[in-house]
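Work through the exercises below with the sequence and the model at hand. Try each task before reading its solution.

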Amino acid sequence: MTTRTVDIVVYSGFKAMEAIGPMSVFEYANLHLQRRGRAPGYDVRIAATAIGTVRSDTLMSLQATKALSPLALPDDAIVVGARHIQAALADGAAIVDWVAASAPRLKRLASLCSGAFFLAAAGVLDGKRATTHWSVADRLQADFPSILVEADAIFIRSDNLWTSAGVTAGIDLALALVEEDFGRDLALEVATEMVVYLKRPGGQSQFSAHLLSERTAKPNIRDIQNWILDNLHEKLSVAQLAQRAMMSERHFTRVFQQEVGLSTQAFIEACRFERATQLLADLALPIKTVAARASFSDEAHMRRVFQKKLGITPKLYRERFATTGVTP
């Protein structure tokens with residue numbers, strides 16, 4: 001395979017990690033190819049509307065060595081996101097025009113995080129499935145209703161277009177590109193060296209049970225959450241949990257809702273759902289076994305929860321993950 005050219009498209013205020021993450025993946029891929037006695041797989045360049053220094057959202061800047069032009073296209077282009085995407089979009093008309101003109105002729109065009117807004121404004125995502133950072137997913141859907149926005153996906157591929165969730169999800173997407181180009185073994189070597197998942201389990205849901213536990217201010221409620229996580233196999237009642245917290249049921253119910261933002265039953269359901277998404281990444285486990293290990297009452301119970309939260313069955317969730325690395 002010949003070396004693929006990859007342009008990482010930046011602009012003032014771009015998210016630094018979103019550019020550095022994929023750059024690192026491609027660099028490690030080249031190193032591992034070299035160890036195998038093969039030529040580099042990727043020729044990566046920083047591209048912007050003009051050659052020169054481009055300031056990121058941190059103290060770091062990158063040197064753009066290529067000016068965007070529809071007459072000098074790479075094989076692949078990756079448009080990174082920004083914290084203030086609406087301002088970036090207002091200043092980035094030239095990037096939108098470049099995307100619109102170039103997308104049909106690029107082998108692959110990807111957006112990271114809120115970079116999806118550039119693709120959306122160019123019209124290339126119309127009628128397609130796409131994702132972005134969870135915090136702007138509703139806005140993407142509202143501003144561009146013809147796009148099928150899936151807010152919990154890590155990344156999504158639709159023909160030659162790829163979109164990803166926020167920040168570190170750019171690494172997931174880049175690893176998927178490496179896997180497509182050079183196979184799973186090389187991508188796994190890169191992931192191992194970077195100490196990341198090749199295909200991380202679960203989506204970008206922000207109701208992560210462990211994160212919710214860490215955010216809780218009251219130590220006794222945090223202890224209850226951790227106890228729930230360790231005892232999902234039990235039949236957990238409000239009365240039982242209130243007794244462990246040494247509170248009345250009424251007071252416990254009110255404090256738990258106030259601290260966690262979920263009822264106890266909703267939190268327990270979220271814990272079981274999160275565990276199930278992780279287990280479904282193991283394709284060797286039967287779905288019935290996943291339901292049992294995630295402490296659902298039965299497979300039908302797990303199916304109802306998945307339909308409620310994602311609108312799809314656990315089987316379809318697994319099929320999408322297995323074939324594309326996409327978590328719905």
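**Exercise 1.** What covers the buried residues of α3? Find the elements, then work out how the buried residues are placed around the helix axis.

Solution. The model is a predicted one.
Step 1. Helix α3 takes in residues 93-102, and its buried residues are I95, V96, W98, V99 and S102.
Step 2. These five residues lie on the same side of α3, because the arc they cover around the axis is only 160 degrees.
Step 3. The cover over them includes strands β1 (4-9), β6 and β7 (108-111), along with helices α2 (85-91) and α4 (116-121).

**Exercise 2.** Give the order of the strands in the open sheet of seven, and state which strands stand at the edges.

Solution. Step 1. Read across the sheet, the order is β5-β2-β1-β6-β7-β11-β10, with mixed pairing.
Step 2. β5 and β10 (155-158) each have a single partner strand, so each of these edge strands has one side without a neighbour in the sheet.
Step 3. Look at the β5 edge: β5 runs parallel to β2 (residues 42-48), and two bridges join them. A47 has K66 of β5 as its bridge partner.

**Exercise 3.** Is L109 buried or exposed? Locate this residue and list its contacts.

Solution. Step 1. L109 belongs to strand β7.
Step 2. Its relative accessible area is 0%, and buried means under 20%, so L109 is buried.
Step 3. Beyond neighbours within four places in sequence, L109 is in contact with A77, V79, V99, A103, L119, N160, L161 and W162. One of these, V99, is among the buried residues of α3.
Step 4. For a pair far apart in sequence, take L109 and L173: 64 residues separate them along the chain, while their C-alpha atoms are 11 Å apart in space.

**Exercise 4.** Which residues have the most contacts inside the largest nonpolar core, and which helix gives the most to this core?

Solution. Step 1. The largest nonpolar core holds 71 residues, and V10, Y11, L109 and F118 have the most contacts inside it.
Step 2. Helix α6 (residues 169-182) gives the most, with nine residues.
Step 3. A second core lies apart from this one; it has 18 residues, including I224, W227, I228 and V255.
Step 4. Return to Y11. Without counting neighbours within four places in sequence, its contacts are V54, R55, V80, G81, A82, I85, A88, I95 and F118.

**Exercise 5.** Where is D75 found, and what is it in contact with?

Solution. Step 1. D75 sits in the loop that runs between β5 (66-67) and β6 (76-79).
Step 2. Its relative accessibility is 17%; the cut-off for buried is under 20%, so D75 counts as buried.
Step 3. Neighbours within four places aside, D75 is in contact with T3, R4, T5, L106, K107 and R108.

**Exercise 6.** Describe the chain as a whole, and decide why it counts as compact.

Solution. Step 1. The chain contains 15 helices and eleven strands.
Step 2. Its radius of gyration is 22 Å, close to the 20 Å from the globule rule for 328 residues, so the chain is as compact as a globular protein of that length.
Step 3. Along the principal axes, the C-alpha trace spans about 70 × 45 × 35 Å.
Step 4. Buried residues make up 51% of the 328.
Step 5. Among contacts with a separation of 6 or more, 62% join residues 24 or more positions apart.
Step 6. The chain exposes about 15,100 Å², of which carbon and sulfur atoms supply 52%.

Notes
Residues numbered from 1 in each chain as written. Predicted model: local features only at pLDDT ≥ 70, side-chain atom pairs only at ≥ 80, totals over all residues. Heavy atoms only, no water. Core = buried A, V, L, I, M, F, W, Y, C linked by side-chain atoms within 4.5 Å. Buried < 20%, exposed > 50% of the residue type's maximum accessible area, 1.4 Å probe, protein only. Helix = DSSP H or I, 4+ residues; strand = E, 2+ residues; numbered from the N terminus. Contact = heavy atoms within 4.5 Å. Arc of directions from axis to C-beta. Rg over C-alpha atoms; globule rule 2.2 N^0.38 Å. Areas by Shrake-Rupley, 256 points an atom, 1.4 Å probe, with all protein chains shown as cover. Pairing = 2+ DSSP bridges.
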